[in-house]
Amino acid sequence: MAVYFIDYENVHDEGLDGVASLQEGDRVIVFYGEQIKSISFERHMEMMNSKARVEYIETHKTAKNYLDFQLATYLGFLIGKGEAGPVYIVSKDTGFDSVIDFWKGRNIKCARQDRIAEKEKKQRKRTGKKESRAETTSDKLSEVYRKKIRAAVKEDELTAGNYTSIYRAMTASKDKLELNNMLVKAFGSARGGAVYNHVRSIYEEYQAHKA
């Protein structure tokens, strides 16, 4: 199965997009340094609930390329131990392309991408499937509003995926009626109505801020 090496200092939280959809046998190895140690609440929930095996490796120095060399070294170590890939380096740093070229020349499927879900995006392009308006706008909601939403619905016992549905509804809805309809569609009539009542005032604040 696939192994994802996450250059967290480079891609931050966005690099973990798609971790919830990984399968048993997949492996995620997150490299992070002293400067960046925080992961958002909903992302942490996704990682905890993911079927993939998730590991964390902290680098204790801040020298230039220190994390990069450790990541590349560990990748080589695992391949030497028998890892056959596919292997993905999740980073925007093109310096890793030399590592990719090295292993490609030795029959190891290896690639660099901006986030875990990059393969899914490429598959959409090949099949002609378009993302919905909600899918393309969910990442526009700031962490300030996300925190307010989490506080408002904390008694509703929601999953990380449920939070994502609310965020998407908040950013994609043109008005409160559409917000209510999207939440009802996502959660059902009774629960969707309850969630709507909890986040309605936050939605009004969000819309006023956008104006």
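The legends below describe close-up views of a predicted model.

Residues are numbered from 1 along each chain as its sequence is written, and side-chain values use heavy atoms, with hydrogens and water left out. Because the model is predicted, local features need pLDDT of at least 70 and side-chain atom pairs count only at pLDDT 80 or more, whereas totals for chains, interfaces and linings use all residues.

**View 1. The protein chain as a whole.** Ten helices and five strands make up its secondary structure; helices (H or I, at least four residues) and strands (E, at least two) are DSSP runs, numbered from the N terminus. Of the 211 residues, 42% count as buried, that is, under 20% relative accessible area with a 1.4 Å probe, protein chains only. The chain exposes about 11,900 Å², of which carbon and sulfur atoms supply 49%; this area comes from the Shrake-Rupley method with a 1.4 Å probe.

**View 2. The open sheet of five strands.** The strand order is 3-2-1-4-5, with parallel pairing; two strands pair if DSSP finds at least two bridges between them. Strand 3 (53–58) and strand 5 (110–113) are the edge strands, each pairing on one side only. On average, neighbouring strands are turned by 20° against each other, direction ignored.

**View 3. Strand 1 beside strand 4.** Strand 1 (residues 3–7) and strand 4 (residues 87–90) run parallel and are joined by four bridges. Within this pair, V3 stands opposite V87 in strand 4.

**View 4. Helix 4 on the sheet.** Helix 4 (residues 97–104) packs on the sheet and touches strand 4 and strand 5, contact meaning heavy atoms within 4.5 Å. The direction of helix 4 makes about 160° with that of strand 5; axes are lines fitted to C-alpha atoms, for helices over the stretch in contact, and angles run from 0 to 180 degrees between N-to-C directions.

Note on methods
Buried < 20%, exposed > 50% of the residue type's maximum accessible area, 1.4 Å probe, protein only.
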